[in-house]
Amino acid sequence: MNLLVTGGNGFIGSNFINYWLKRHPKDQITNVDFLTYAADPNFVPSFGSGDSYVFVKGDIGDRPLVERVTKNSDAIINFAAESHVDRSITDSTDFIRSNIVGVHNLLQIVKDRKIRFHQVSTDEVYGSLPLDGKEKFTNASPYNPRNPYSASKASADFLVRAYHNTFALPVTISNCSNNYGPMQHPEKLIPKTILKAISGEQIPIYGNGSQVRDWIYVDDHCSALELILESKNFGSTSLVGGENESSNLETVRLLLRILGKSEDLITFVQDRPGHDVRYAIDSSSFRKETGWSPKMSFKEGLKATVNHYVSRRDYYIKRLKESL
Ligand SMILES: NC(=O)c1ccc[n+]([C@@H]2O[C@H](COP(=O)([O-])OP(=O)(O)OC[C@H]3O[C@@H](n4cnc5c(N)ncnc54)[C@H](O)[C@@H]3O)[C@@H](O)[C@H]2O)c1
């Protein structure tokens, strides 16, 4: 397969490239990434031969560039996006440009070429669940995005669905819960907590830390994406979750326990405006269709994640400073 990956210098995209080339060493991956502040500019795959990977710096909204790099593509998987909710609250301009206009550009090319296309989306498009309820997001849940990031991702999903319905394109969407693991930008909760804890700095937690997220190890997300890309269930939406709910406070406490650090480092700060209180995905339909299940336990996944950031502490602290 000749695969175009977009956003492959970001957290999930870079893990996906490693995952894919390890299992499909004969495939060819072209990675188009705009190298925003969130990208790891030094990323190179750990697997595959020199011939199996090509990097092209570019914007998914640049039509001539995407047309050129997709000349021989069998499929496109789109990870490229602005992904940080806090930044979307400060200024959503880049979120509209990359997450909506960029996806529209990809879809126009997919329409012309009839290339297989997968849109990597988020559970945040469904909005927020009650904190104390048992309800989870399912394929029947209505979209109810509540911040500019999730609204931009929901808009892109609607465009993908509309292009499938109107032009019968070979497209799919997946809505996944919160990922964690190596190579995530250090502005996000888990890497930020690890880096602050090992530097002996206060760890900020929004509000009272009761917000619940459904954490999935990034490789488990990649294995789900592999099954979806290989499927022919065009027009479908797959809900992928870790079935592993943990409040932000519990997650930070778990990390501090792994690191052997005191909970005195926790500082509660003013809550994010419009903060969604709980996300939870019901993946039973995807599990039944494909036999997929998440393999990594939260405890083991967090330990592996801690080891990654501790061993590259200086690099991530530098990246965090440069992105502020
Ligand atoms: N991180 C999560 O927990 C999570 C969960 C579910 C879904 N998602 C989705 O998965 C995708 C990847 O998320 P991530 O956490 O890896 O994000 P990330 O911010 O770590 O990486 C995004 C990458 O996209 C690149 N990019 C941004 N705009 C671009 C553009 N216009 N053209 C080309 N490249 C561009 C950036 O340079 C960066 O390398 C996103 O679409 C996100 O919405 C993320």
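This briefing covers the ligand site, one pair of helices and two backbone positions. The structure is a predicted model. The ligand has 28 residues around it, and the protein buries 97% of the 830 Å² that the ligand exposes when taken alone. Elsewhere, helices α6 and α10 cross at roughly 60°, and K114 and A168 each have a positive phi.

**Residues around the ligand**

- Among the 28 residues around the ligand, the ones that come nearest are I12, D33, S83, Y149 and K153.
- By residue type, the shell around the ligand holds 13 nonpolar, twelve polar and three charged residues.

**Polar backbone atoms and burial**

- F34 has a polar backbone atom 3.0 Å from a nitrogen atom of the ligand.
- For L35, the distance from a polar backbone atom to an oxygen atom of the ligand is 3.5 Å.
- F79 also places a polar backbone atom by the ligand, 3.4 Å from an oxygen atom.
- The area of the ligand taken alone is 830 Å², and 97% of that is buried by the protein.

**Elements that line the ligand**

- Two or more residues of the shell come from each of these elements: helix α1 (11-23), strand β5 (116-122) and helix α5 (148-167).
- Strand β5 gives three residues, the largest share of the shell around the ligand.

**Helices α6 and α10**

- Helix α6 spans residues 189-198 and helix α10 spans residues 298-311; their axes come within 10 Å and cross at roughly 60°.
- Because of that angle, α6 counts as oblique to α10.
- The crossing in which α6 passes α10 is right-handed.

**Two positive phi values**

- Most residues other than glycine have a negative phi.
- K114, which is not a glycine, has a positive phi of about 55°.
- K114 sits in the loop that runs between α4 (93-113) and β5, and β5 is also the strand with the largest share of the shell around the ligand.
- A168, another residue other than glycine, has a positive phi near 50°.
- The loop that holds A168 lies between α5 and β6 (171-176), and α5 is one of the elements that give two or more residues to the ligand shell.

Key
Residues are numbered from 1 along each chain as its sequence is written. This is a predicted model: local features need pLDDT of at least 70, side-chain atom pairs count only at pLDDT 80 or more; totals for chains, interfaces and linings use all residues. Side-chain values use heavy atoms; hydrogens and water are left out. A residue is near a molecule or strand if one of its heavy atoms lies within 4 Å of it. A polar contact is a pair of N or O atoms within 3.5 Å; within protein, one must be able to donate a hydrogen and the other to accept it, and residues adjacent in sequence count only if both atoms are side-chain atoms. Accessible areas come from the Shrake-Rupley method with a 1.4 Å probe; for residues, only the protein chains shown count as cover. Helices (H or I, at least four residues) and strands (E, at least two) are DSSP runs, numbered from the N terminus. Ala, Val, Leu, Ile, Met, Phe, Trp, Tyr, Cys and Pro count as nonpolar, Asp, Glu, Lys and Arg as charged, and the others, Gly among them, as polar. Axes are lines fitted to C-alpha atoms, for helices over the stretch in contact, and angles run from 0 to 180 degrees between N-to-C directions. Angles under 35 degrees count as roughly parallel, over 145 as roughly antiparallel, 65 to 115 as roughly perpendicular and the rest as oblique. A crossing is left-handed if the near helix is turned anticlockwise from the far one by less than a right angle, and right-handed if clockwise.
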